Amino acid sequence: EKGDFIKTKEIFLFKQGYPLKLDVIRYYLLKIILAMLFFVAGVVNYNSMIYAVVLATLAYFLVDIYINVNKKTRDSEICNDLLNVINSICLQLAAHVSLKDSLKKQYENCVDKDFKKAMIEFSTSYELSELNIDYAIQRLNEKFDILELDMFCNALSEYNKSGEIIDILENLSETLQAKHIQKLKQGTRNKIVYITFGVIIALTNIILLTFYPLFISVGQGFENIFK
């Protein structure tokens, strides 16, 4: 079971593109080192075992927090690339370009370096396997843990069966577009909250700076009255 747990973590890191170049050994080693450093810092600075344990626990999960944040950013970037790829394939298939020729240059529509590399390997594998797209799809899908990419791969598998996937890809494109718009709206809302919070802090500082001398003057006046 322990071996399976380590293997599962290794697969997870692989599908995230090995963030910070961490394989499973470096991943756990870094977590332990951070926990030890923060534990020592807690003992030295606060002279408290409780503070030391709390800091060590937080430090142990710092890497996981980074990886999860990085995963969300990376998945979003890959989904944007996938949207561009799908729209490009739809246009080319509608113009009677073969899927093989359409896939050759799709990497040019990708910004994420891992997905760009994967698309190059995907199209190359498709050609070298004598147009056995199922093998190429399996290799592509194994490199990422993204639902939308899984749907894309299923659509390409459907092409191998029926030869018609434009409608499927267009539906997937609409889903990705809606998701992208929703993320933009959420990002806009977050920015509005940050700006509003910043304005409130700025106004509070201005009010304090403006009325502080008045408060001091009033306070001194009352002090003189009741002397």
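Reader: Before we look at any pairs, what counts as a salt bridge here?
Author: A salt bridge is a side-chain nitrogen of Lys or Arg lying within 4 Å of a carboxyl oxygen of Asp or Glu. Please keep in mind that this is a predicted model.

Reader: Fine. How many salt bridges does that rule give?
Author: The count by this rule is nine salt bridges.

Reader: Let's start with Asp-101, then. Which side chain does Asp-101 meet in a salt bridge?
Author: The partner of Asp-101 is Lys-104, with an N to O distance of 3.8 Å, and because the cut-off is 4 Å, the pair counts as a salt bridge. Both residues belong to helix α5, which covers residues 99–104, and being three residues apart they are separated by about one helical turn.

Reader: And are those two buried, exposed or in between?
Author: In between, since partly exposed covers what is neither under 20% nor over 50% relative accessible area. Asp-101 has a relative accessibility of 36%, and Lys-104 has 34%.

Reader: What about Lys-143, which acid does its side chain meet?
Author: Lys-143 forms a salt bridge with Glu-121, and the N to O distance is 2.1 Å. Lys-143 sits in the loop between α7 (133–141) and α8 (147–162), whereas Glu-121 is in helix α6 (residues 113–128), so this pair ties together parts that are 22 residues apart in sequence.

Reader: How accessible are Lys-143 and Glu-121?
Author: Lys-143 is buried at 18% relative accessible area, while Glu-121, at 28%, counts as partly exposed.

Reader: Which residues are joined into one network by salt bridges that share partners?
Author: Arg-74, Lys-113 and Asp-114 are joined in that way.

Reader: Switching to Lys-31, where is its partner, and what does the pair tie together?
Author: The partner of Lys-31 is Asp-64, and their closest N and O atoms are 2.4 Å apart. Lys-31 lies in helix α2 (residues 24–46) and Asp-64 in helix α4 (residues 62–94), so the salt bridge ties together parts that are 33 residues apart in sequence.

Reader: Is Lys-31 buried or exposed, and what about Asp-64?
Author: Lys-31 is buried, with a relative accessible area of 2%, and Asp-64 also counts as buried, at 17% relative accessibility.

Reader: Last topic, the surface: which residues gather in a patch of negative charge?
Author: That patch consists of Glu-164, Asp-167, Glu-170 and Glu-174. Glu-174 is part of helix α9, which runs over residues 166–225, and with a relative accessible area of 55% Glu-174 is exposed.

Technical notes:
Residues numbered from 1 in each chain as written. Predicted model: local features only at pLDDT ≥ 70, side-chain atom pairs only at ≥ 80, totals over all residues. Heavy atoms only, no water. Patch = residues over 30% accessible without salt bridge, like charges linked within 9 Å, V, L, I, M, F, W, Y side chains within 5 Å. Areas by Shrake-Rupley, 256 points an atom, 1.4 Å probe, with all protein chains shown as cover. Lys, Arg positive; Asp, Glu negative; His and termini not counted. Charge placed at Lys NZ, Arg CZ, Asp CG, Glu CD. Helix = DSSP H or I, 4+ residues; strand = E, 2+ residues; numbered from the N terminus. Buried < 20%, exposed > 50% of the residue type's maximum accessible area, 1.4 Å probe, protein only.
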